[in-house]
Every structure is written in structure tokens, then in C-alpha cells.
Amino acid sequence: MASQTLNRDEISNLSFILDKPYQVSYAERPKPTLSSPHDVIVAVNYTGICGSDVHYWSHGAIGHFVVKDPMVLGHDDAPRARGPRRHRAGLRVPVVVMGAGPVGLLCAAVARAYGASKVVSVDIVPSKLDFARRFASTHTFLSRGGAPEDNARAIRELAGIPRGADAVIDASGAEPSIQTGLHAVRVGGTYVQGGMGKPDVNFPIMAMCLKEVTARGSFRYGPGDYELAVELVASGKVDVKQLVSEVVPFDRAEEAFKKVKEGEVIKILIAGPNEKMDEV
């Protein structure tokens, strides 16, 4: 993945554009210009695919963000870990992470880096849980449907936390996952909603109230998150290279989207139009 020194006049600004759901095109876009001595131009050598990108590609919207005009896809140019910072996971407490996609895996890794005593990853895909165990999680739980209360009880028994987890992070956005997570958190614990699924879901409000759970939403990133991410990666506490399943050339960008949607990869990178790949 060696990057090259590029001459601005010689490089392409070919872009991958969403015209409407499941319809994409490639087109050259104007190159940015410097208007101030404080400006810089950043060349993106590789980009990942965020879950929101897949929503835009397949549905043309995510939440109240609706694509009304052709839009250049791709913004996931650096990994980010957002959930654990929302609840300060650590101090030898157990943490449950619902979902073992890229965000869930990073949440698990950051929780471990903060000192969580146990990190339980929950998912419906066995291969993702196998990876989670190798990557950061101390325990994994394969959800096979059923009542959320029963799944939560099984998670607590598996991890040896009969009172529940001090913190639960939902990184899936799936309604059953949200319900299970709120039943898995302990009395007085913290629940963080990081995954985005349907705009409205049914959730166990009685369990949340009776247990006096602190519930927080998490959207993208906040102050200090980039500094924290750089420190965790630079120190080796979180090895993001393990997350990269495959790298594809720019002209196979839509293929990458299909693989992400089908759950075939952990994290796939799309090489920029100016990136030379020795092997495809």
C-alpha cells in the first residue's frame, strides 16, 4: 500500500458518484485550489466504506439525510472509535458490544485498551465472532433469535456477569440487538446507541427505567476523538491493519459496496484513482 508523491497537474480527480440507489457512475470533478496560506490539499490514497455509505447506495438516504442530487460516495478515510469514549469504559469493568462489524470491533478493542475486564461481542454471523475473539473480545455470543430477555440472560451467564454489564454499546442498529442490550446492562449501568438502523424502534423502556440506566446516543465523533484514535493506533493498543480484509482498485468500487452489504468482509479499502496497485 505504498503511496506515491503526486504532481497536482498530473493527477486525476476521478470520483465515484451515486446518481440514485444502485446506480453509480464515474466522473472527473474539479480539483480543489488553495485560497489561503493556511489551506492544504489532502490526497486520499485509500478509502473505506462506512455503513452510511451502504445506506445511501441502497436506499438513497439514512435517517433524515436524503440524497437529492448526485453525490460523491466515500468519507471513511480513517478509522474512528467512538462508543467507548461515550461511557469511559475501563477500570476493570465488563462491557458488552452488540454487533461485530468494523465499528463494533473497534469499540471492543478500545474497551480493552481502556482496561475493561471482559469484552463480549454479540453478532449473528459466526465468522465475525471468530474474528472478534482473535482481535479483542474475551467472549463472543452467537445470537440465534428468540426473546431479548433470554438472549441477555445467556450473555450474562456466558461471561459470568450475573448482574449484567457495566456498559453496553449497540453498534448494529438492529431492533432485537437494542432490546437485548438494554436487558444485558446492569442496574445503574450505561447504554450507548452507536448503530443506526430504522428511524423508529420498539425498546424496553420499563427495563431502562427500573434499572435507572444512563442511555446516550453517539453520532460520528466528538472533541478529542481523533487525538485518542491516533494515540491508540500509534501505541499499538489497537491494530487497525487486522481489520482490512481486502483492497480493490478504484474501478471495482461498486463491487466493494456489494461485498460490504452482503457481510463478506470486515473492512474493505478502495484504492484511489491515482494509486498504483501491484496486485489486484
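**Exercise 1. Work out how the radius of gyration of the chain compares with that of a compact globule.**

Step 1: Start with the rule, 2.2 Å times the number of residues to the power 0.38, where the radius is taken over C-alpha atoms.
Step 2: Put in 280 residues, and a compact globule would have a radius of gyration near 19 Å.
Step 3: The chain has 20 Å, which agrees.
Step 4: For the outline, look along the principal axes: the C-alpha trace spans about 60 × 40 × 40 Å.

A quick word on ground rules: this is a predicted model, where local features need pLDDT of at least 70 and side-chain atom pairs count only at pLDDT 80 or more, while totals for chains, interfaces and linings use all residues. Residues are numbered from 1 along each chain as its sequence is written, and side-chain values use heavy atoms, leaving out hydrogens and water.

**Exercise 2. Find which elements have the lowest and the highest mean pLDDT.**

Step 1: pLDDT is the predictor's confidence in each residue, from 0 to 100.
Step 2: Over the chain the mean is 88, and 91% of the residues reach 70 or more.
Step 3: Now list the elements: there are nine helices and 14 strands, taken as DSSP runs numbered from the N terminus (helices are H or I, at least four residues; strands are E, at least two).
Step 4: Helix α2 (residues 83–87) comes out lowest with 56, and strand β9 (residues 139–142) highest with 98.

**Exercise 3. Sort out the strand order of the open sheet that holds β14.**

Step 1: Strands of a sheet pair through backbone hydrogen bonds, either parallel or antiparallel. Here, two strands count as paired if DSSP finds at least two bridges between them.
Step 2: The order is β3-β14-β13, with mixed pairing.
Step 3: β3 (46–47) and β13 (244–248) are the edge strands, each pairing on one side only.
Step 4: β3 and β14 (residues 267–271) run antiparallel over two bridges, and Y46 sits opposite A271 in β14.
Step 5: Finally, add helix α9 (residues 253–261), which lies across β13 and β14 and runs at about 175 degrees to β14. That angle is between N-to-C directions on a scale from 0 to 180 degrees, using axes fitted to C-alpha atoms, for helices over the stretch in contact (heavy atoms within 4.5 Å).

**Exercise 4. Decide whether S177 is buried or exposed.**

Step 1: Locate S177 in helix α6 (residues 175–184).
Step 2: Recall the cut-offs: buried is under 20% relative accessible area, exposed is over 50%, and partly exposed is in between (1.4 Å probe, protein chains only).
Step 3: S177 has 11% relative accessibility, so S177 counts as buried.
Step 4: Check the neighbours: leaving aside residues up to four places away in sequence, S177 touches M98, D170 and S172.
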